[in-house]
Amino acid sequence: MAERFQSFGLATPPAARAIHADDAIALLKGGQARQASLLAYGNGRSYGDSCQNQAGTVIDMRPLNRIRGFNAESGLLEADAGVLLADVIAHAAPHGFFPAVVPGTQFVTLGGAIANDVHGKNHHRRGTFGCHVESFTLLRSDGRSYRCSATDNPRLFRATIGGMGLTGLILSVSIRLMRVPSLDIIEKAARFRDLAEYFDLAEAADQANEYAVAWIDQLAGGRSSGRGLLFTGNHAEHGSHAAAAANAKFSVPFQPPFNVLNRPFLTAFNAAYRWKKARAIVPRQVEYQGFFFPLDGVRDWNRLYGPKGLFQHQSVVPEEAARAIVPALLTAARQAGQGSFLTVLKRFGGVRSPALLSFARPGYTLTLDFPNRGAATLALLGELDRMTIAAGGAVNPYKDARMSAATFSASFPDWPRLEALRDPAFMSDFWARTAGSFDQRRRGAEAAE
């Protein structure tokens, strides 16, 4: 239980109780679900506590894993909410289709991808996952199933996309896939000396390519500060239409008693990674899994952070603030002595999500992974939050395990609209910790009057 229903960051307690999806469906249809007692759990790839409900029960959605239909002409796929993205890719690839938006792992469920409104390396062209959702069936604690789309129950449709599982139980989904000439990617890497050079390259890279993402050598200081590699990619005209087996080639078989990803390791890794990848300045054809999901090749790689786990910090800042704030965020982490194993920088475009609350918005998004070193790491993360909010940005809730209610509210000022549509039977530790604390303060103030 502890491992199976653990969030991926390993820094928060695992779910205390879990039930099969069929049992939860019976509870909901019978109107027997207690207040704040439930939360859907997909495949546990959220980094923090948005997929946990310590005071209640999580619902194991993975048994709902049938692909119900696929139109090979239109690319419309209908499936249960527990189907993995890897299975969607394998099913659609022979017909020349691929998900329009994929996150950094293929081991997410469709329900989880909707609930978090995930984004990928092509937000500048395709927006978020929610932009490609045609409809879904949502079961709520009033016992009713709602078909939700842009025209049917549109308020629930918008609230559920990016709603972190709080509006009810997604049972099945209908999504539109993207036609591609092949699964393979033509990848090119461009070196940049510093972040100023990256920003000079980023917009043109987006305009010319379907995919673009930058890797930053977060530990490099001095004149090398902000150096990195900008990767661009497009689907190859002549390549494979067969999905590779979604199996990790390597694994971390046990939990090390300490953090393996220490500073000497990271320094050596960054140097080797930069040297190897920088050789790809000439376009080369690569398999899609290596381009989109490199870490999926190592099963349980999160164990390398040791028994205390990791915290991931993902921020987005407006385009006009990025040239100042992104270097400042990297400097703050370096001066705090905290090394990030994976540091990613991307440009978000202007494609608007249908979601009521969506993290992705125009600007630049920076992702940092830190081993959990207790108070020192929490202090750094709090400072990164402060800098992000002061710049008019936001912090990603489904990557979070500790942000304050004030940071969440500043990031998502429309959160009360989601609260108004939240199913009373559904709650997460994240929501109780952030939005719930405002409600507790309100009730306390009313009681004092």
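This passage describes the overall fold of the chain, its confidence profile and the surroundings of one residue, F430.

The model is predicted. Its mean pLDDT is 92. A score of at least 70 is reached by 93% of the residues. Residues 443-449 are an exception to that level of confidence, with pLDDT under 50 throughout. For this segment the model has 0 contacts beyond four places in sequence.

The chain comprises 14 helices and 20 strands. Its radius of gyration is 21 Å, close to the 22 Å given by the globule rule for 449 residues, so the chain is as compact as a globular protein of that length. Along the principal axes, the C-alpha atoms fill a box of roughly 60 × 60 × 45 Å. Contacts reach far along the sequence. Of those between residues at least 6 apart, 75% join residues at least 24 apart.

Buried residues make up 57% of the 449 in the chain. The exposed area is about 18300 Å², of which carbon and sulfur atoms supply 53%. Charged side chains number 49 positive and 39 negative. The centres of these two sets lie 4 Å apart.

F430 lies in helix 13, which spans residues 429-433. Its relative accessible area is 0%; buried means under 20%, so F430 counts as buried. Leaving aside residues up to four places away in sequence, F430 touches D49, S50, M164, P397, D400, M403 and F408. A405 is 25 residues from F430 in sequence, and the C-alpha atoms of the two are 9.6 Å apart in space.

How values were computed. Residues are numbered from 1 along each chain as its sequence is written. This is a predicted model: local features need pLDDT of at least 70, side-chain atom pairs count only at pLDDT 80 or more; totals for chains, interfaces and linings use all residues. Side-chain values use heavy atoms; hydrogens and water are left out. Helices (H or I, at least four residues) and strands (E, at least two) are DSSP runs, numbered from the N terminus. The radius of gyration is taken over C-alpha atoms; the globule rule is 2.2 Å times the number of residues to the power 0.38. Buried means under 20% relative accessible area, exposed over 50%, partly exposed in between (1.4 Å probe, protein chains only). Contact means heavy atoms within 4.5 Å. Accessible areas come from the Shrake-Rupley method with a 1.4 Å probe; for residues, only the protein chains shown count as cover. Lys and Arg count as positive and Asp and Glu as negative; His and the chain ends are not counted. The place of a charge is taken as NZ of Lys, CZ of Arg, CG of Asp or CD of Glu. pLDDT is the predictor's confidence in each residue, from 0 to 100.
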